[in-house]
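Colleague: Please take a close look with me at the aromatic rings of this model and at what surrounds them. I am new to reading structures, so a slow, connected account would help me most.

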Amino acid sequence: MQGPAVTVVIPVFNGAATLGAALDSVLAQSFADFEAIVVDDASTDDLAAVLAARPDPRLRLLRLEANRGAGGARNAGIAEARGRLVAFLDADDFWHPDKLARQVPFLDGLPADAAVACTAFVLRRAATGVERIHRPAYRADQPALPMLAFGCDLSPGTTLLARREAFPAVGPFDERLRRLEDWDWLLRYAARGAIGTLDAPLATVNVTGPPDGDLTLAALDLLERKWTHHSHNLLGPHVRRVQSSIWVERAAVHFRRGELIAPIRCVARSFRYYPRRNWRFFLRMAGHLLRPGRR
(Lines give C-alpha, C1' and ligand atoms only; values in the text may rest on other atoms or scores of the structure.)
Protein backbone atom coordinates (compact mmCIF):
# COMPACT_ATOMS: atom_id res chain seq x y z
CA MET A 1 0.00 0.00 0.00
CA GLN A 2 1.41 3.35 -1.03
CA GLY A 3 2.00 5.80 1.81
CA PRO A 4 1.11 9.47 1.94
CA ALA A 5 3.28 12.17 0.43
CA VAL A 6 4.09 13.73 3.81
CA THR A 7 4.42 12.46 7.37
CA VAL A 8 4.02 15.22 9.94
CA VAL A 9 5.85 14.44 13.20
CA ILE A 10 4.58 16.35 16.25
CA PRO A 11 6.52 15.68 19.46
CA VAL A 12 4.69 16.68 22.62
CA PHE A 13 5.27 16.49 26.35
CA ASN A 14 2.39 17.63 28.58
CA GLY A 15 1.15 19.87 25.81
CA ALA A 16 -2.57 19.07 25.72
CA ALA A 17 -3.40 22.76 26.17
CA THR A 18 -1.77 23.75 22.87
CA LEU A 19 -1.83 20.54 20.84
CA GLY A 20 -5.39 21.10 19.60
CA ALA A 21 -4.50 24.31 17.78
CA ALA A 22 -1.45 22.68 16.22
CA LEU A 23 -3.51 19.72 15.00
CA ASP A 24 -6.25 21.99 13.68
CA SER A 25 -3.65 23.84 11.60
CA VAL A 26 -2.51 20.53 10.11
CA LEU A 27 -6.05 19.38 9.36
CA ALA A 28 -6.75 22.76 7.72
CA GLN A 29 -3.96 22.30 5.17
CA SER A 30 -5.04 22.72 1.56
CA PHE A 31 -2.58 19.90 0.78
CA ALA A 32 -4.40 16.82 2.05
CA ASP A 33 -2.02 13.94 1.25
CA PHE A 34 -0.44 13.54 4.68
CA GLU A 35 -0.41 11.54 7.87
CA ALA A 36 0.30 13.14 11.25
CA ILE A 37 2.00 11.25 14.06
CA VAL A 38 1.66 12.81 17.50
CA VAL A 39 4.53 11.44 19.58
CA ASP A 40 3.51 11.49 23.24
CA ASP A 41 6.82 11.77 25.09
CA ALA A 42 5.56 10.08 28.28
CA SER A 43 3.14 12.89 29.12
CA THR A 44 0.99 12.91 32.22
CA ASP A 45 -1.87 14.95 30.75
CA ASP A 46 -4.63 13.64 28.48
CA LEU A 47 -3.29 13.93 24.95
CA ALA A 48 -5.50 11.06 23.80
CA ALA A 49 -8.58 13.18 24.45
CA VAL A 50 -7.24 15.92 22.17
CA LEU A 51 -6.97 13.42 19.32
CA ALA A 52 -10.30 11.79 20.14
CA ALA A 53 -11.96 15.17 19.61
CA ARG A 54 -10.55 15.15 16.07
CA PRO A 55 -11.53 11.77 14.58
CA ASP A 56 -9.50 12.04 11.38
CA PRO A 57 -7.91 8.80 10.11
CA ARG A 58 -4.78 10.70 9.12
CA LEU A 59 -3.99 11.36 12.79
CA ARG A 60 -2.41 8.79 15.06
CA LEU A 61 -0.87 8.79 18.51
CA LEU A 62 2.45 7.13 19.32
CA ARG A 63 3.01 6.76 23.06
CA LEU A 64 6.55 6.58 24.50
CA GLU A 65 6.81 4.89 27.89
CA ALA A 66 9.88 6.91 28.95
CA ASN A 67 10.61 10.55 28.24
CA ARG A 68 13.23 10.89 25.49
CA GLY A 69 13.16 14.62 24.83
CA ALA A 70 12.25 16.38 21.59
CA GLY A 71 15.03 14.68 19.65
CA GLY A 72 14.07 11.22 20.84
CA ALA A 73 10.39 11.86 20.13
CA ARG A 74 11.24 12.98 16.60
CA ASN A 75 13.39 9.88 16.12
CA ALA A 76 10.45 7.70 17.15
CA GLY A 77 8.11 9.51 14.76
CA ILE A 78 10.54 9.27 11.86
CA ALA A 79 10.88 5.54 12.46
CA GLU A 80 7.10 5.19 12.02
CA ALA A 81 6.83 7.54 9.03
CA ARG A 82 5.32 6.23 5.79
CA GLY A 83 5.55 9.46 3.78
CA ARG A 84 8.27 10.13 1.21
CA LEU A 85 8.72 13.52 2.94
CA VAL A 86 8.84 14.27 6.68
CA ALA A 87 7.71 17.55 8.23
CA PHE A 88 8.07 18.73 11.83
CA LEU A 89 5.65 20.77 13.89
CA ASP A 90 6.11 21.70 17.55
CA ALA A 91 2.96 21.25 19.59
CA ASP A 92 2.77 24.90 20.68
CA ASP A 93 3.10 26.31 17.15
CA PHE A 94 0.87 26.19 14.10
CA TRP A 95 1.00 26.20 10.32
CA HIS A 96 -0.73 28.52 7.89
CA PRO A 97 -3.22 26.75 5.59
CA ASP A 98 -1.07 26.66 2.44
CA LYS A 99 2.17 25.65 4.15
CA LEU A 100 2.44 22.14 2.70
CA ALA A 101 0.83 23.12 -0.61
CA ARG A 102 3.65 25.57 -1.22
CA GLN A 103 6.55 23.84 0.50
CA VAL A 104 6.16 20.36 -1.04
CA PRO A 105 6.60 21.51 -4.68
CA PHE A 106 9.35 23.89 -3.53
CA LEU A 107 11.35 21.00 -2.05
CA ASP A 108 10.60 18.76 -5.02
CA GLY A 109 12.04 21.43 -7.30
CA LEU A 110 15.36 21.68 -5.46
CA PRO A 111 18.52 19.90 -6.65
CA ALA A 112 19.06 16.32 -5.51
CA ASP A 113 21.68 17.33 -2.93
CA ALA A 114 19.21 19.69 -1.23
CA ALA A 115 17.08 17.30 0.80
CA VAL A 116 15.87 19.88 3.34
CA ALA A 117 13.68 22.95 2.96
CA CYS A 118 12.44 25.45 5.52
CA THR A 119 10.17 28.47 5.28
CA ALA A 120 10.02 31.97 6.61
CA PHE A 121 7.90 32.21 9.73
CA VAL A 122 6.10 34.54 12.09
CA LEU A 123 7.78 34.78 15.48
CA ARG A 124 5.15 35.57 18.09
CA ARG A 125 5.85 36.60 21.67
CA ALA A 126 3.07 34.91 23.64
CA ALA A 127 3.32 37.30 26.60
CA THR A 128 2.82 40.44 24.50
CA GLY A 129 1.31 39.21 21.25
CA VAL A 130 4.04 41.08 19.35
CA GLU A 131 4.84 39.43 16.02
CA ARG A 132 7.62 39.80 13.50
CA ILE A 133 8.45 37.89 10.34
CA HIS A 134 11.75 36.07 10.23
CA ARG A 135 13.17 35.28 6.79
CA PRO A 136 16.19 32.94 6.80
CA ALA A 137 18.09 33.25 3.53
CA TYR A 138 19.56 29.87 2.60
CA ARG A 139 20.00 28.99 -1.06
CA ALA A 140 20.05 25.47 -2.42
CA ASP A 141 22.90 26.36 -4.80
CA GLN A 142 25.17 27.41 -1.92
CA PRO A 143 26.58 25.45 1.03
CA ALA A 144 24.56 25.84 4.23
CA LEU A 145 27.36 25.09 6.67
CA PRO A 146 28.95 28.58 6.73
CA MET A 147 25.63 30.09 7.86
CA LEU A 148 24.58 27.29 10.21
CA ALA A 149 27.93 27.46 11.97
CA PHE A 150 26.81 30.85 13.30
CA GLY A 151 23.71 29.25 14.87
CA CYS A 152 20.34 27.92 13.81
CA ASP A 153 17.83 30.57 12.74
CA LEU A 154 15.48 28.25 10.85
CA SER A 155 13.06 27.12 13.61
CA PRO A 156 13.25 23.63 12.09
CA GLY A 157 10.98 22.16 14.76
CA THR A 158 8.09 23.83 12.93
CA THR A 159 9.31 24.82 9.45
CA LEU A 160 11.43 21.87 8.31
CA LEU A 161 10.40 19.56 5.47
CA ALA A 162 12.87 16.87 4.39
CA ARG A 163 13.13 13.92 2.09
CA ARG A 164 12.81 10.87 4.31
CA GLU A 165 16.08 9.37 3.08
CA ALA A 166 17.97 12.29 4.64
CA PHE A 167 17.46 10.87 8.13
CA PRO A 168 19.19 7.49 7.73
CA ALA A 169 21.92 9.22 5.72
CA VAL A 170 22.66 11.80 8.43
CA GLY A 171 21.74 9.71 11.46
CA PRO A 172 19.20 10.28 14.24
CA PHE A 173 18.84 13.26 16.52
CA ASP A 174 21.28 13.03 19.42
CA GLU A 175 19.05 12.08 22.35
CA ARG A 176 21.66 13.19 24.87
CA LEU A 177 20.84 16.78 23.89
CA ARG A 178 17.75 18.16 25.60
CA ARG A 179 18.27 21.50 23.86
CA LEU A 180 19.79 22.47 20.48
CA GLU A 181 19.38 18.95 19.12
CA ASP A 182 17.99 20.42 15.90
CA TRP A 183 21.09 22.60 15.38
CA ASP A 184 23.31 19.57 15.94
CA TRP A 185 21.37 17.52 13.36
CA LEU A 186 21.41 20.31 10.80
CA LEU A 187 25.16 20.80 11.20
CA ARG A 188 25.63 17.11 10.40
CA TYR A 189 23.28 17.39 7.45
CA ALA A 190 24.88 20.59 6.14
CA ALA A 191 28.27 18.91 5.99
CA ARG A 192 26.88 16.92 3.06
CA GLY A 193 23.81 18.71 1.70
CA ALA A 194 22.25 22.08 0.92
CA ILE A 195 19.17 23.77 2.37
CA GLY A 196 16.56 25.80 0.53
CA THR A 197 14.36 28.35 2.26
CA LEU A 198 11.02 29.42 0.87
CA ASP A 199 10.63 33.16 1.43
CA ALA A 200 7.03 33.02 2.59
CA PRO A 201 5.89 33.10 6.25
CA LEU A 202 3.97 29.83 6.37
CA ALA A 203 4.12 29.04 10.09
CA THR A 204 3.81 30.82 13.42
CA VAL A 205 6.35 30.01 16.12
CA ASN A 206 5.17 30.91 19.62
CA VAL A 207 7.80 32.04 22.08
CA THR A 208 6.32 31.33 25.49
CA GLY A 209 9.38 32.08 27.59
CA PRO A 210 13.14 31.65 27.79
CA PRO A 211 14.48 28.11 27.46
CA ASP A 212 15.71 26.27 30.52
CA GLY A 213 19.15 27.71 31.21
CA ASP A 214 20.63 24.63 32.87
CA LEU A 215 19.52 22.37 30.02
CA THR A 216 20.90 24.84 27.49
CA LEU A 217 24.28 25.08 29.21
CA ALA A 218 24.50 21.28 29.45
CA ALA A 219 23.70 21.00 25.75
CA LEU A 220 26.31 23.61 24.88
CA ASP A 221 28.94 21.71 26.86
CA LEU A 222 28.13 18.55 24.92
CA LEU A 223 28.09 20.39 21.60
CA GLU A 224 31.49 21.88 22.35
CA ARG A 225 32.91 18.43 23.03
CA LYS A 226 31.29 16.99 19.91
CA TRP A 227 31.95 19.74 17.43
CA THR A 228 35.06 21.60 18.50
CA HIS A 229 37.14 18.76 19.92
CA HIS A 230 36.34 15.79 17.71
CA SER A 231 34.75 16.96 14.46
CA HIS A 232 37.29 19.24 12.82
CA ASN A 233 37.29 17.18 9.63
CA LEU A 234 33.51 17.43 9.30
CA LEU A 235 33.34 21.17 9.98
CA GLY A 236 36.55 21.99 8.15
CA PRO A 237 37.32 25.73 8.22
CA HIS A 238 34.02 26.47 9.97
CA VAL A 239 34.96 24.94 13.33
CA ARG A 240 35.89 28.31 14.83
CA ARG A 241 32.53 29.75 13.82
CA VAL A 242 30.81 27.00 15.78
CA GLN A 243 33.08 27.63 18.76
CA SER A 244 32.21 31.32 18.58
CA SER A 245 28.49 30.53 18.38
CA ILE A 246 28.59 28.22 21.40
CA TRP A 247 30.04 31.03 23.51
CA VAL A 248 27.44 33.48 22.20
CA GLU A 249 24.71 31.07 23.31
CA ARG A 250 26.34 30.79 26.73
CA ALA A 251 26.37 34.58 26.96
CA ALA A 252 22.65 34.66 26.20
CA VAL A 253 21.87 32.22 29.03
CA HIS A 254 23.80 34.28 31.58
CA PHE A 255 22.29 37.51 30.24
CA ARG A 256 18.75 36.15 30.70
CA ARG A 257 19.67 35.31 34.30
CA GLY A 258 20.45 38.97 34.93
CA GLU A 259 24.18 38.48 35.22
CA LEU A 260 26.71 41.00 33.92
CA ILE A 261 30.28 39.72 34.16
CA ALA A 262 29.65 36.18 32.83
CA PRO A 263 28.00 37.35 29.58
CA ILE A 264 30.84 39.78 28.89
CA ARG A 265 33.40 37.05 29.41
CA CYS A 266 31.46 34.71 27.11
CA VAL A 267 31.24 37.34 24.37
CA ALA A 268 34.98 37.95 24.71
CA ARG A 269 35.63 34.21 24.25
CA SER A 270 33.34 34.23 21.22
CA PHE A 271 35.26 37.14 19.71
CA ARG A 272 38.56 35.36 20.38
CA TYR A 273 37.43 32.30 18.44
CA TYR A 274 36.11 34.25 15.48
CA PRO A 275 37.06 37.95 15.49
CA ARG A 276 35.69 38.44 11.97
CA ARG A 277 32.16 37.90 13.26
CA ASN A 278 29.94 40.84 12.40
CA TRP A 279 31.10 43.86 14.40
CA ARG A 280 27.54 45.15 14.58
CA PHE A 281 26.58 41.95 16.38
CA PHE A 282 29.19 42.50 19.11
CA LEU A 283 28.29 46.16 19.52
CA ARG A 284 24.61 45.26 19.82
CA MET A 285 25.42 42.56 22.39
CA ALA A 286 27.56 45.00 24.39
CA GLY A 287 24.76 47.53 24.35
CA HIS A 288 22.30 45.00 25.76
CA LEU A 289 24.73 43.97 28.49
CA LEU A 290 25.63 47.48 29.60
CA ARG A 291 22.21 49.11 29.27
CA PRO A 292 20.62 49.96 32.66
CA GLY A 293 17.54 47.90 33.48
CA ARG A 294 18.75 45.03 31.29
CA ARG A 295 16.53 42.55 33.14
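Modeller: Let us begin with a ring that has a charge above it: the charged end of R272 sits over the ring of Y273, 5.3 Å from the centre of that ring. Please keep in mind throughout that this is a predicted model, and that every distance and angle here is computed from it. A second arrangement of this kind involves R74, whose charged end sits over the ring of F173 at 5.6 Å from the ring centre.

F173 is a good residue to stay with, and to place it we can turn to the rings that pair with one another. Searching the whole structure gives 6 aromatic pairs. One of them joins F173 to W185, with 5.7 Å from centre to centre and 25° between the two planes. Since planes under 30 degrees apart count as stacked, this pair is described as stacked. F173 belongs to the loop between α7 (166-170) and α8 (181-190), whereas W185 belongs to helix α8 itself, so the pair ties together parts that lie 12 residues apart in sequence. Both F173 and W185 are buried. The two also belong to a wider group, for F88, F167, F173, W185 and Y189 form one aromatic cluster.

The loop that carries F173 has another residue worth a careful look. L180 is also found in the loop between α7 and α8, and its phi is near 65°, which is a positive value in a residue other than glycine. Is L180 buried or exposed? L180 has a relative accessible area of 13%, and because buried means under 20%, L180 counts as buried.

A useful companion to L180 is S155, whose phi is near 45° and is likewise a positive value in a residue other than glycine. S155 is in the loop between α5 (145-148) and α6 (156-159), and with a relative accessible area of 21% S155 is partly exposed.

Finally, a buried charge can be set beside the charged ends that sit over rings. K99, in helix α4 (residues 99-108), is buried yet has no salt bridge, and the nearest side chain of opposite charge, that of D98, is 10 Å away. A salt bridge needs the two charged groups within 4 Å. Leaving aside residues up to four places away in sequence, K99 touches Q29, T158, T159, L160 and L202.

Note on methods
Residues are numbered from 1 along each chain as its sequence is written. This is a predicted model: local features need pLDDT of at least 70, side-chain atom pairs count only at pLDDT 80 or more; totals for chains, interfaces and linings use all residues. Side-chain values use heavy atoms; hydrogens and water are left out. Helices (H or I, at least four residues) and strands (E, at least two) are DSSP runs, numbered from the N terminus. Buried means under 20% relative accessible area, exposed over 50%, partly exposed in between (1.4 Å probe, protein chains only). Lys and Arg count as positive and Asp and Glu as negative; His and the chain ends are not counted. Contact means heavy atoms within 4.5 Å. Rings of Phe, Tyr and Trp (its six-membered ring) pair if their centres lie within 6.5 Å; planes under 30 degrees apart count as stacked, over 60 as edge-to-face and the rest as tilted. A charge sits over a ring if NZ of Lys or CZ of Arg is within 6 Å of the ring centre and within 35 degrees of the ring normal.
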